[in-house]
Structure formats: C-alpha cells, structure tokens
Amino acid sequence: MPQFPRSAIGNLAELEEGQIALSGFVVQHDKGLYVRLSRLESATAFADFVNRVIATGLYFRGLDYPQFLALLFDNPIGSRDDAGKEVFLAADITSFRPERQALYKACRITPGEAAYLFEPLYCEAQSDPELLDQGDHPARSAKGQQRFETRIFLDIDEFIAAAWAKGVRFGIDVAAVREGIELEKPELRVVARDRPYVPGKDAEIVELAPGLHRNNAPRRLLGDRVDLCQFETRYPQVAAGLRLIKKIPRQAGVDGRDISGIALPASQPKDFDLQKLAGPGTHVSREKDGEFLLASVCGFLNIDLRSNQFSVTDKIVSHEGVSVRTTGDLLLTGEEYEQYGEIQEKRIVRCRSITAYADVFGNILSSGGLVCLKHNLVGGSASNDQGDIFVEGRASGSTLIAQHGCINVQRADNCLILGRKVVVGQATNCDIVAEELTVEVAEACALAGRSMHLGVARSRRELENVLLVLLPDLSSYEARIAALQLQRALLEKVITESRTRIDALRGEKDVARYLLVGGKLRRHELTLNAEQQLSWRRLSELVAPALRTLSQLSDLVKEKDAEWHALEAQINEVVAARDQSCNGLACTVERIEGETRIRAMLVRLADPPLTDLPHKDLKARLRKTDAATKRLFSGSTGRFSWVYS
C-alpha cells in the first residue's frame with residue numbers, strides 16, 4: 001500500500017478521467033502546491049477553483065487550513081504589497097474515492113456552530129484494502145472485537161472536503177476534528193464555529209481643557225474650610241484659542257463569517273460632524289494631530305444639554321435659576337449675567353450687570369453695572385455701588401440701594417429705597433431717601449430728599465405722608481469764606497502800606513530827578529556831555545539806597561497782589577460751591593388727598609448721614625418732629641410748592 005494516495009493533477013493536453021488541471025494561479029513545486037497571488041484576477045477565483053476540485057471528487061492532501069481560509073476570505077486581490085509572493089496551499093490534490101466519502105456523515109448545524117458525531121468505524125480485514133489507507137493512522141484491530149475486524153480512521157483533509165460539500169466551509173476546528181477521529185467511543189463534538197464580527201468604535205470627543213463642566217462641590221476657602229452656600233465652579237471661563245475638545249474618529253469593525261462562509265458584516269459605527277457642535281464664539285480647526293474645537297473669544301463657556309453645542313459668550317446666560325440645589329450663592333466675574341429662572345430666597349448673587357427675567361426673592365449685589373429686574377423683587381434686596389437699578393415689576397418688602405446711581409421702580413410696597421436719584425410709579429408705606437426724588441403716587445410714605453416732586457400724596461389707614469426736605473449745612477462754607485476774607489483784608493493792608501512808601505520815595509527831590517532823567521535817557525530823548533555824565537554818576541550813587549528800597553517794595557507789592565488774586569479766586573470758588581449746594585432745593589406736591597406733613601431739616605455735618613442709619617432708626621428719624629426741623633406745610637388737601645432761597 002503506498003504511503004500517500006496517487007496525485008490527481010494532470011496535464012491539460014493529456015487529462016484523464018478523475019484528474020484536474022491546475023488553475024493559472026496555482027503552481028506545483030516539489031514541496032507541494034502554491035498559490036501565486038499576482039495571478040489572482042478576482043476575489044472569487046480561488047473559491048471557484050476549490051469548488052471545481054471538490055465537485056470533481058478530489059480533495060487537498062496536506063492542506064494548510066489557515067492559509068486556505070485566508071485565500072478564500074481575507075486576502076484582497078491586487079492590493080497587497082507582496083502580490084508577487086507564492087503561498088503554500090497543500091501537498092497535493094488526490095482522489096476522494098466514493099467508498100471513503102461514504103464514511104463521512106453530515107454535520108449537525110445549529111445557529112453559530114456545527115457538530116459532528118464521531119464514532120469508531122470498522123471493516124473486515126478481507127474488505128477493500130483502500131478503506132484502510134489512512135496515511136499516518138496504522139491499521140489495528142478493534143478492542144474486544146475479533147481479529148478479522150480492522151479499525152477505519154477518518155482523515156482531516158477528507159473531512160474538510162466532505163464538510164465543504166455539505167455546506168460547512170469556514171471555521172473548522174482542526175484540532176477538535178483530529179481528537180474526534182481518535183475517539184474510542186461515540187461522541188458528538190463541535191467541529192466548526194462562526195467567527196462573530198468585531199463591532200467598530202463610535203466616534204467620540206475627548207475634553208482637553210480643564211474645568212469645562214460645572215463643579216457642584218462646595219467652594220474651598222483658605223484654611224481647608226468650605227463654603228456650603230457656594231459651588232466650586234458654576235460658570236466655566238475660557239481664553240481665546242484654547243482647545244476645548246478633540247474628536248476621536250470612528251473605527252471600523254471587523255466582519256465575521258458563519259460556517260457556510262457567508263460574511264457577517266459588522267455594524268457601521270456612529271459618526272458626527274464636529275462643526276455642528278461649534279456654536280457662537282467657537283470654531284473647528286483641523287490640524288496634523290487631529291480635529292479640534294477651539295474657543296474664538298475670551299468669555300464664558302456654555303454647553304447646551306439638548307443640542308450638545310459649545311458656545312463662548314461675553315455674558316452668562318442661565319435658565320435654571322439660583323437656588324441651593326442648582327447653583328448656591330454666585331460670585332460672577334463677567335460683565336453681563338442673564339437669569340431666566342427665579343432667584344431663591346436668601347441666595348446671594350454678586351455680579352456686575354444682571355438682567356433677571358423671573359421673580360427675585362434673594363439678594364443681588366452689583367459692583368457698578370446695570371441691575372435690571374424684568375419681573376418682581378419680593379422680600380429680597382438689590383444694591384449697586386456705582387450703577388443703576390430698574391425694577392419693571394413690583395418691589396415688595398425689599399431693599400434697594402444705589403447711592404451713586406438711579407433707582408427706577410414701577411411699584412414699591414413696604415420697601416426701603418436709598419439712591420442718588422429715585423423714580424417710583426406708586427409707593428405705599430415706603431421709606432425713601434434720595435437727592436432727587438420723583439413719585440407719581442405716594443401713600444403713607446416717609447420721603448426725604450433735596451429735590452422732591454410728587455404727583456399725588458395720599459394717606460393710608462390713618463397713616464400720613466411725611467416729606468422731609470434736606471437742607472445743607474452751610475456753616476463750613478461760611479467759616480471758610482470768612483477765613484479767606486480775613487486773609488484778603490490783611491493782604492490789602494500790606495499792599496496799601498507798601499504802595500504808600502513807594503509813593504513817598506518817588507516824591508523825594510533827588511529820586512524824582514533821577515527817575516525823570518533816566519526815563520528820557522532810555523527813550524533817547526536826551527544826550528549827556530562829559531560834564532553831565534559825571535554829574536549823572538554822582539546822582540546815581542546818591543540815590544542808590546533809595547532805589548534798592550523802591551525795588552524791594554515793588555517786588556513785595558507784586559507778590560502780595562498775586563496772593564490777593566489767588567485768595568479772591570478761592571473765595572469765589574467757595575461761594576460758588578455754597579450756592580451750588582443750595583441749588584435745586586425744592587419740594588412740589590401737585591395734589592394732596594390725605595394728611596401730609598412737609599418739613600425742612602438742616603443736615604449738620606456732625607450728624608451721621610441718613611443713609612447710614614439702620615432701617616428702624618431711619619424710619620423713626622424721618623417721622624420725628626424736633627427743633628432740627630422746620631414746618632413748611634401740614635394739611636390734607638391742596639397743592640404745595642416750595643423753593644429754597
């Protein structure tokens with residue numbers, strides 16, 4: 001018996017029955033059959049060749065199964081750098097005899113795998129000897145059987161060919177088949193499995209800049225302390241040119257195959273357009289190391305949770321409100337802040353300019369921008385160090401302070417209002433102090449100011465209106481003017497005495513003659529001869545002491561005269577300042593419809609300003625009548641107008 005079956009490869013010109021001619025891409029060498037990749041013309045050429053081999057009743061002996069699968073399914077045609085290379089396929093192609101084919105049963109195919117029932121096979125010793133030709137398997141008698149029965153072994157190469165013919169064309173576990181062939185008792189074993197596809201990886205973003213997200217941890221203070229009323233980072237701020245995020249491109253998956261050789265395509269990974277995430281203030285930059293989203297301007301970063309769009313603006317826009325749960329107390333460094341949610345009671349917002357579109361129950365502290373409340377201020381406060389406050393809705397039980405700005409309120413109830421200029425539509429039971437005050441309707445209010453104009457003054461529940469005109473303390477101006485006038489009088493005396501002495505010196509005979517002749521000489525009206533020049537020199541020596549005294553007195557008069565003019569300018573400035581402090585002192589009430597008291601009060605410099613008093617003390621002071629106040633009007637009807645003179 002030959003060690004190996006006879007080759008079934010024939011010459012195309014002398015091809016015999018049961019032989020096959022090799023395709024052009026298969027070459028035969030001493031060591032076996034090789035596939036020349038450069039000659040593969042299509043992706044199905046090798047599969048067609050295999051089908052032709054199996055259909056002819058042949059099989060590949062000594063098959064390199066991994067390389068066999070690679071040639072069938074993995075190698076792209078005409079795209080390999082080593083396309084001219086020859087790869088080993090099998091030792092030979094031999095005949096798969098019908099009596100051997102009958103030994104192989106069909107596989108039991110279930111979803112994802114194929115199983116084969118391995119069992120020992122025997123034949124009589126006198127039967128066809130070619131049934132026993134199993135290559136490396138020596139024939140031996142069956143254990144426990146008579147000597148005339150001999151074990152028949154399957155062959156791995158024949159198994160692959162038989163499985164191919166029965167539809168199992170991928171994923172055969174060669175090791176499992178070899179073990180199954182050697183089994184001494186029947187056993188069902190899985191011999192082939194699908195290769196599942198490897199899913200791809202969706203495109204994703206990687207955050208590059210630190211602090212892109214809000215940090216709701218309590219704010220850390222010095223000394224390892226924390227402020228439970230504030231969050232660590234609420235509104236992230238970025239600089240122009242900062243890389244915000246990087247796009248990681250999607251990665252394609254790897255297709256799988258089922259045992260029949262049909263591809264199991266991997267699902268397409270998801271992708272996104274980074275440009276759609278670029279909102280105002282950002283732009284996309286495609287660079288060598290990737291695709292990035294950059295900030296175009298300096299400002300505050302906002303990430304829209306609905307569209308995932310990044311935007312950088314010079315103002316902070318919030319829709320979530322200010323509360324213990326959402327933001328805590330806020331300390332904002334931006335120029336503008338827009339809040340569309342409510343500001344909760346006792347919450348503090350420190351900012352520059354703020355526009356609140358919902359009710360405010362907390363406290364707003366502005367450093368000099370504009371405080372604009374589109375709705376109501378209830379039980380809270382709003383203060384602005386250097387700017388204005390506008391309340392388009394109603395202020396109730398609140399405090400409004402703008403010592404250097406304007407406060408404009410549509411309606412105020414039970415409020416304390418302190419400002420340089422205050423304009424109120426309707427005020428009820430309010431305490432207001434302002435330099436310039438305008439109220440359309442005042443009910444039971446205590447008002448104080450330098451200039452006040454009321455449209456209607458009404459009492460409410462037997463509580464009267466009290467108006468207090470604040471008169472400036474002019475004592476400091478008068479004292480300053482008096483001191484300057486005294487200095488001016490002393491200067492006038494010194495100047496008068498000096499001019500009297502100058503006139504006396506000019507009246508002396510020799511001095512007068514010297515001054516007369518000297519004047520003519522300077523004007524070239526007179527020419528002296530030699531004798532006259534000698535007399536002129538003698539006269540000059542005689543009046544020299546008097547001339548020196550005259551020069552000193554003239555310089556003194558000029559100096560004192562300059563001081564006098566400076567004092568005169570200072571006096572005029574102080575007088576103008578005094579007059580300016582009295583300008584605009586007036587009070588007008590167009591219509592009085594309830595008990596109203598109007599008084600004037602001198603605000604002394606030694607007294608604390610009314611705006612520095614606690615609210616309780618201020619309320620009492622505004623309604624107090626004492627020697628420091630002067631009654632201007634008291635009544636319940638009529639009209640009142642008064643101007644300070």
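How much space lies in the largest cavity? Here are a few notes to go with the model, which is a predicted one.

1. To take that question up directly, the largest cavity holds about 100 Å³ of space. The search of the whole structure turned up 4 cavities of 30 Å³ or more, and the points below look at the largest of these before moving on to a pocket.

2. Which residues lie nearest the centre of the largest cavity? They are Phe118, Glu119, Pro120, Leu121 and Leu154, out of a lining of 15 residues. By class, that lining has 11 nonpolar residues, 1 polar residue and 3 charged residues. If you inspect the site by eye, Glu119 is one of the central residues to find.

3. Three elements each give two or more residues to the lining of the largest cavity: strand S7 (113–118), strand S9 (149–152) and helix H5 (174–181). Strand S7 gives the most, with 3 residues.

4. Strand S7 also belongs to an open sheet of 3 strands, in the order S6-S7-S10 and with antiparallel pairing. Strand S6 (108–110) and strand S10 (187–193) are the edge strands, each pairing on one side only. From one strand to the next, the twist averages 30°. As a general reminder, strands of a sheet pair through backbone hydrogen bonds, either parallel or antiparallel.

5. How many bridges join S7 to S10? There are 6, and the two strands run antiparallel. For a reference point in the viewer, Ala114 stands opposite Ala192 in S10.

6. Helix H5 ties these points together nicely. H5 is among the elements that line the largest cavity, and H5 also lies across S7 and S10, running at about 160° to S10. Strand S7 and helix H5 therefore appear in both pictures, lining the cavity by the criterion of an atom within 4 Å of a cavity point.

7. Now for the second largest pocket, where about 530 Å³ of space lies. Its lining counts 22 residues, and those closest to the centre are Glu435, Arg450, Leu470, Val603 and Pro609. Strand S33 (416–428), strand S34 (431–443), strand S35 (446–458) and strand S36 (465–472) are the elements that give two or more residues to this lining.

8. What is the class make-up of the lining of the second largest pocket? The lining has 11 nonpolar, 5 polar and 6 charged residues. Charged residues also appear at the centre of this pocket, with Glu435 and Arg450 among the closest.

Methods: Residues numbered from 1 in each chain as written. Predicted model: local features only at pLDDT ≥ 70, side-chain atom pairs only at ≥ 80, totals over all residues. Heavy atoms only, no water. 1 Å grid on protein atoms, 1.4 Å probe; cavity = no way out; pocket = protein on both sides within 12 Å on 5 of 7 lines; lining within 4 Å. Points joined across faces, edges and corners; volume = space filled by probe spheres on them. Pairing = 2+ DSSP bridges. Axes fitted to C-alpha atoms, helices over the stretch in contact; angles between N-to-C directions. Contact = heavy atoms within 4.5 Å.
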